[in-house]
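Open the model in your viewer and keep the selection tool handy. Let's walk through it together, one stop at a time.

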Amino acid sequence: MTDRPDGIPHRTSSYQRLKEKLKRNPSEKVDTSKWPRPKTPQQVLHHAIKGGLRSFILAYGVRATVNFLLYLIRVFRGKAPLSNILAASFKNLDSIRFGAMFGSFALLWKGVNNGMRLYRGKDDRLNGLVSGAVAGLSILFEKKERRVDIAQQLFVSQVVCNFKIHRALQAVYNAGKARDIFYFKNGDALLFAVTCGQVLYAYTMRPDSLPPDFYNFMVKAARVREGSLLLNAKNVRGSPVTAEEALSVISKFNPTKHAINVVSQIPSDTSVLPCETLHPWMDGCHATAFERFVKVFKSFLPVYGTLHFAPMLVLRYKHLMKDPATMLSKTTIATMKSGAFLATFVTLYQYQICTHRNMFKAGLIGNWNSKYLYWLAGFFCSYPAIFFEDKKRRGELALYVLPKALSSFYHIAYSHNLIFKMKHFEVVMTSVAMGIIMSFYQEESDVLSSFVRKIMFQFFEKN
């Protein structure tokens, strides 16, 4: 506010107040005075090539190490021969593509950013925006299906393998939060719940709207066979399901005598299929819930261990050598928390669906079996489960699932002719996202999550 001559303060407009909030105290910004500053075009080229090679070697090493550890788990489980472990890990084309993407990104970003600084005579946000957008073209080194996933992740930040446009939205949100424009308590948990609602609706009703690899992961994690899922979707949409059809599905899953007896008596006009079609190998919903928790936790603990320990070994090796007890204990606890999170998530979802079946059997809900029930179950299982994870991981998980949900919603809307499709959209998305991210990285890196800052510094350093 400013004072008028009569001493009464002027009221500022909403636009003026917003404009003031958009400014940040210079002391809160990044100090770039110690960043390397190549002074000639030759120095810029040398700096860019050196940075690109460094990023390629590091990214290739991280991806190959993760592949090695995951393959090792398969060897211990008797699902792969030990003799192929080196070829599968270090001669893997995906590892080379991953390294080339990071290496070319570093080369283009450093080259364009410093070239613009020399040409314009200034170092500001515009340089980061343009150089980041140009460097985003490095996504072309990845396969088409991977490009879509990476672009989604960047536009809307888990381990290095999932460092993808959700970082851009995260940076924008944090920038607004730093300026006191908006803030939501437990907003990360709420966002995770909403996005999981959409993803689990797609998992049960529209699996074609999810990436095949992600859908297969969900089927494996939830431990409900795909045949049972498709049978349930058919029933929910009003198509008749005969007892013979249901028996042919559950017969593949080692059903109990009780399950066979119940399923053989399903009336063709039933509006809700019994629990025995979802877990035919075990009688009782309580026992199924307990079994689900134990098996999911046990099955995914090695995977989460790899995802937590591999980045520590590659990216935080000095910290590990300096204080091994603290680093190992923190990573072990984080691994246990992640296992508990996924096991709780899966168990709660299964239990809600079983509860719905039992309420139908008791005559408490009539014939209600809406497809939106599966969206609501996804919301209510994910919100409490996410609190097993550390605060900083909640946002990461929410922003990991968000693009999956948006992609599913987009595909469903497109199938109903409610939206159009753009060619090479994933490349455009990546360039826009990286332009936003790099502009913040150079001017306000504190609005990026600490995880993103550490990853970016490890791979791309300063400038």
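Before we pick anything, one cut-off to keep in mind: a residue is buried under 20% relative accessible area, exposed over 50%, and partly exposed in between. Remember too that this is a predicted model.

**Stop 1: colour by confidence**

Start by colouring the chain by pLDDT. The mean for the protein chain is 83, and 83% of its residues reach 70 or more. Which elements have the lowest and the highest mean pLDDT? Strand β1, residues 2–3, is the lowest with 50, while α16 is the highest with 96. Now select residues 155–165, where pLDDT stays under 50. The model has 58 contacts beyond four places in sequence for this stretch, so please read them with that confidence value in view.

**Stop 2: helix α2**

Next, select helix α2, residues 41–76. Show the side chains of Leu 45, Ile 49 and Leu 53, then add Leu 107: these four form a nonpolar patch on the surface, with about 360 Å² of accessible area together. Helix α2 gives the most to this patch, with 3 residues. Is Leu 45 buried or exposed? With a relative accessibility of 54%, Leu 45 counts as exposed.

Stay on helix α2 and move along to Phe 56 and Tyr 60, which sit 4 residues apart, about one turn of the helix. Their rings form a stacked aromatic pair, 6.1 Å centre to centre with 10° between the planes. Phe 56 has a relative accessible area of 29%, so this residue is partly exposed.

**Stop 3: more rings**

For a contrasting view, select Tyr 203 and Tyr 215. The ring centres are 6.3 Å apart and the planes meet at 50°, so this pair is tilted. Tyr 203 belongs to helix α8 and Tyr 215 to helix α9 (residues 212–222), 12 residues apart. Both tyrosines are buried: Tyr 203 has a relative accessible area of 3%, and Tyr 215 has 6%.

Then bring up Phe 98, Phe 102, Phe 105, Trp 109, Tyr 441, Phe 459 and Phe 460, which form one aromatic cluster. How many aromatic pairs does a search of the whole structure find? The search finds 22.

**Stop 4: charged pairs around the start of α17**

Side chains of opposite charge can pair when their charged atoms come close. The count for this model comes to 10 salt bridges. Select Asp 188 and Lys 391 to see one of them, with the closest N and O atoms 3.1 Å apart. This pair links distant parts of the chain, from helix α8 (residues 187–205) to helix α17 (residues 391–415), 203 residues apart. Asp 188 is buried at 13% relative accessibility, whereas Lys 391 is partly exposed at 45%.

Step to Asp 390 and its partner Lys 337, where the closest N and O atoms are 2.6 Å apart. Asp 390 lies in the loop between α16 and α17 and Lys 337 in helix α15 (residues 324–361), so their salt bridge ties together parts 53 residues apart in sequence. Asp 390 is partly exposed at 31%, and Lys 337 is partly exposed at 30%.

Now add Glu 389 and Arg 393, a salt bridge with its closest N and O atoms 3.2 Å apart. Here Arg 393 counts as buried at 13%, and Glu 389 is buried at 3%.

**Last stop: a charged network**

Finish by selecting Glu 291, Arg 292 and Lys 295, which are linked in a network of salt bridges.

Key: Residues numbered from 1 in each chain as written. Predicted model: local features only at pLDDT ≥ 70, side-chain atom pairs only at ≥ 80, totals over all residues. Heavy atoms only, no water. Patch = residues over 30% accessible without salt bridge, like charges linked within 9 Å, V, L, I, M, F, W, Y side chains within 5 Å. Areas by Shrake-Rupley, 256 points an atom, 1.4 Å probe, with all protein chains shown as cover. Helix = DSSP H or I, 4+ residues; strand = E, 2+ residues; numbered from the N terminus. Buried < 20%, exposed > 50% of the residue type's maximum accessible area, 1.4 Å probe, protein only. pLDDT = per-residue confidence, 0-100. Contact = heavy atoms within 4.5 Å. Phe/Tyr/Trp six-rings, centres within 6.5 Å; stacked < 30°, edge-to-face > 60°.
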